[in-house]
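Okay, everybody, thanks for making time. I'd like to walk you through one structure today, mostly by way of its contacts, its core and its sheets.

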Amino acid sequence: MEIDYKLKILGEKAEYLPRQEFIQPLLKSNKKIFEITAGNGFGKTFLLNLFAYAFYADKLGNESILKTLKERVSDYSNQKAYNLEYNLSFNLPDGKKLHLYKDNLSERIVQFENGPPIGANSLHKTVTILYDVPVDPSLRLNEVIRDLGVWNSRLREKFLLYYSLLDTIESQFSSVRDEDKIEKFEKKALELQEEKQNKLRLFSEQDSLYNNLNYCSDLDKLIENFKKLQNITGELFKKEKEFKNCPKPKKIDKKDESLIKNLQIELNNIKNHFKSLMLDLIKIITNQNDLSDLITNDNSLNKAFEFLKDNDIESIITYEDYIGAANNFNGKMQFLADSILVYVNKEESGKKYVVNNFLNQLLEQIDELIVNGAEGILEVLTKNNTNILIKEIKNRIIEYRIVNYTPIKAILKNSPNLIKNHISQAIKLSAKIEEESKKKGVDSDGEKYYKLKGEIEDLTFRKLKTSKEMENFRYNLAKDLQINDSQLESLDGAFSIKGNFRLKFSNDINLDNLPYEINRVSKERQYLLQQINENDKSVSLNDAMLLNEKQKIASQYSDIQQKKIRAFKNGLQIIIKNIGDFNELINNINDGNLERFKIENDVKFINVAGKIIAYSMDNKILRSDGDYITLDYYDLLNKEFHCAGDVVIRKDDIATGLASANYLRQRIENVEGQYVVILLDEIGNMAQDTLTEVIKSIKKIEEQNRLIIAVLTKPSRKKEEILINEY
Amino acid sequence: MENNTEQISREEMYRDEIFKLLQASLDNFSAKDLELMKEIFMQEKISDEVIIKKIIE
């Protein structure tokens, strides 16, 4: 063995050389295990540092050497602080030599006898350097905990890699063809097609029924018109007969006669306007299903409506109390109009209208943006293509389709006043005709003459008009019914056709209440139409999804395999989450926050850590009597060693030296490598019997022909004392 | 190269214990899946192909 060195500490401007009284005993000895006791200043710790430096202990992993020692050794490479030269030579157990040297300017060199220089990695493959300071047992526990952190992080990283692999595969599932989905879409397409056919068939039935009910209603109207025409003709015949027998007044000249006649014509015009207004009003109400329902379901409204339908202006002005009759008619008209307007206003403030109005306004504003070339902002805000957005809004507008009540509202707001004015004018004209007749000396016969004359003209006009209307109506109805229009030329003919036509309907149709049935069937028909439209939308959507799926590339994984991959990925996620939590626990253990562990899983993890600690201590504890006891686990929470036979030893009750010896024995006996160098500093707090146990462990290495050198140092209270024990 | 066998051994023990602790959280896993999960815990590396094959088989 050779030991020579020169250390210059540049800052101190000091140079240190080996003290021969300290080095020589080592060089002269044929032993390999040395326990050096010396006072401060002999360089015993430097000797350990020198050996450690020469054997590249500063290149060991953190799991193999304390950080403080590693930094201490590494510091000798700092050429601004130190100039270190050395020449060391050790006899290997197989008789060869190992040279380690460095001059002032060179790097460290290690050479086996007759071998080339080797670096730290190659050296550590053959020689294990164990450098430790066994002074703080709790530090040892921390080392194990730190190991747990390293292993745990390593485990988590491994799981993250597999998770990432499965995640990548799973992300491709949505872009690869899903045969199950295709099958589902195809099945759905058939179902939708079948559903559509059923709906179309039902719609066709309802449509046919609806048309037949309307034809039936038209036949009723035709019959009514025939009766009306009969009545007009009968009335006209009666008036003409009466008129023939009515002498023409003599005291009236042509001019006066013309005035009365004009008044009569004016009155007839008002009557016709009144009739036309009423017909429009009745038509617009009966054609609007919800308004019909509103009136049908309200008794007062129904009565008022029926009264207004049954009375005309003639019946008002010829009534004895015509003012009262006019007020009654106007009152009912106002009541009907107000009731319907209240209903309409309520409907228009409902959700459907609010949504519809909003969507329409939105469309207008989008149009404005497009006109100004600013639709880009909309695409940023909605993250959607503007055309798609517009299409979607239009779809929603259809969904929230509303009735346009504007024309109804206009009629309902104006009609009561117009009708009131017509009645008022008719009353005035009627009174004026009477007054003019009296003024011109028209006697009662004369008055009757002019009245009859006016009535005949009116009846003639109405007969002509009704005939003309009936002609067109009859022609169109015959065409609809696919019969010759001559079959509808008479009341009997119409009755006959109606009788035959009624046979087309089943018994559950109430032909005596045609408006109700038409309304009901119309609603069902509308509902079916809506369903058919919705079905069409579903078909389009389903077809698009089917096409989209079919255009995808076929997956290499079946649906079942995909499910398995997903399930396993979820499992990995759970594991990663838990392992991540354990990292936090380990940090808390490191920080000493053990009281925080109350959750069952945390406590279980702490127990696992305790078992690893026990295992790291070779599952045994050296007791003060020199005997070992089996260690089952270390309770981190209560700081207790749980041993065989239910023996529990508190950590604080184990002497520092004992704890250190436990640790050192465990490290020494498990050391690997063909050759071993053991350097132990500051072993002074160990009792001799525990130190003996440590030396026994080193001896075992020596007996295995693996030990190069073992140096153990402890300080002496006497400054100049040097005591070297060899083993 | 100090104490490497023992290091791996302790790490293996740790992995084994952690697997035992966490396998209860994989309540939907079949025995086969659990076996694979344990392999992942215990083995240094399983190739991507092998792991996928084992998951889907």
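Let's begin with charges that cross between chains. A:K611, B:D16, B:E17, B:K20 and B:K38 are tied into a network of salt bridges. Before anyone asks, this is a predicted model, so please hear everything I say with that in mind.

Quick reminder on the chemistry: side chains of opposite charge can pair when their charged atoms come close. How many salt bridges turn up over all chains? A search of the whole structure gives 40.

One that I like is A:K569 with A:D167, where the closest N and O atoms sit 3.0 Å apart. A:K569 belongs to helix 19 of chain A, residues 559-591, and A:D167 to helix 5 of chain A, residues 137-173, so this pair ties together parts that are 402 residues apart in sequence. Is A:K569 buried or exposed? With a relative accessible area of 9%, A:K569 is buried, because the cut-off for that is under 20%. Its partner A:D167 comes out at 33% relative accessibility, and that counts as partly exposed.

Now for a couple of local ones. A:E306 and A:K309 meet through their side chains in a salt bridge, 3.3 Å from N to O. Both residues are in helix 9 of chain A, residues 299-310, and they are three residues apart, about one turn of the helix. A:E306 is partly exposed at a relative accessible area of 34%, and A:K309 is partly exposed too, at 36%.

Then there's A:E524 with A:R520, whose side chains form a salt bridge at 3.0 Å, again N to O. These two are four residues apart in helix 18 of chain A, residues 514-550, which means about one helical turn separates them. A:E524 has 32% relative accessibility and counts as partly exposed; A:R520, at 26%, is partly exposed as well.

Okay, on to chain B. What is it built from? Chain B has three helices and zero strands, so if you read from the N terminus on, you get α-α-α. There are 57 residues in chain B, and buried ones make up 49% of them. Chain B exposes about 2900 Å², with carbon and sulfur atoms supplying 53% of that.

That brings me to the greasy part. The largest nonpolar core has 58 residues, and the ones with the most contacts inside it are A:F159, B:Y14, B:M37 and B:F41. Which elements each supply at least two residues of this core? From chain A we have helix 5, helix 19, helix 20 (600-616), strand 12 and strand 13, and from chain B helix 1 (4-22), helix 2 (31-42) and helix 3 (48-56). Helix 5 of chain A gives the most, with twelve residues. You've met helix 5 already, by the way: A:D167 from the salt bridge with A:K569 lies in it.

Strands 12 and 13 lead us to the sheets. In chain A, four strands make an open sheet in the order 11-12-13-14, with antiparallel pairing. Strand 11 (620-622) and strand 14 (647-650) of chain A are at the edges with a single partner strand each, so one side of each has no neighbour in the sheet. On average, neighbouring strands of this sheet are turned by 45° against each other, direction ignored. In the middle, strand 12 (residues 628-635) and strand 13 (residues 640-643) of chain A run antiparallel and are joined by four bridges. If you want a spot to zoom in on, A:Y633 stands opposite A:H642 of strand 13.

The other sheet to look at is also in chain A. Five strands form an open sheet in the order 8-15-16-3-17, and here the pairing is mixed. Strand 8 (127-132) and strand 17 (722-726) of chain A are the edge strands, each pairing on one side only. The twist averages 10° from one strand to the next. Strand 15 (residues 675-680) and strand 16 (residues 707-715) of chain A run parallel, with five bridges between them, and A:L680 stands opposite A:L712 in strand 16.

Last stop, the surface. A:Y319, A:Y322 and A:I323 form a nonpolar patch there, with about 310 Å² of accessible area together. A:Y322 lies in helix 11 of chain A, residues 322-348, and counts as partly exposed at 33% relative accessibility. That's my tour, so over to you.

Technical notes:
Residues are numbered from 1 along each chain as its sequence is written. Chains are lettered from A and ligands numbered from 1 in the order in which they are written. This is a predicted model: local features need pLDDT of at least 70, side-chain atom pairs count only at pLDDT 80 or more; totals for chains, interfaces and linings use all residues. Side-chain values use heavy atoms; hydrogens and water are left out. Patches are made of residues with over 30% relative accessible area and no salt bridge: like charges are joined within 9 Å, nonpolar side chains (Val, Leu, Ile, Met, Phe, Trp, Tyr) within 5 Å. Accessible areas come from the Shrake-Rupley method with a 1.4 Å probe; for residues, only the protein chains shown count as cover. A salt bridge is a side-chain nitrogen of Lys or Arg within 4 Å of a carboxyl oxygen of Asp or Glu. Buried means under 20% relative accessible area, exposed over 50%, partly exposed in between (1.4 Å probe, protein chains only). Two strands pair if DSSP finds at least two bridges between them. Axes are lines fitted to C-alpha atoms, for helices over the stretch in contact, and angles run from 0 to 180 degrees between N-to-C directions. A nonpolar core is a set of buried Ala, Val, Leu, Ile, Met, Phe, Trp, Tyr and Cys residues joined through side-chain atoms within 4.5 Å.
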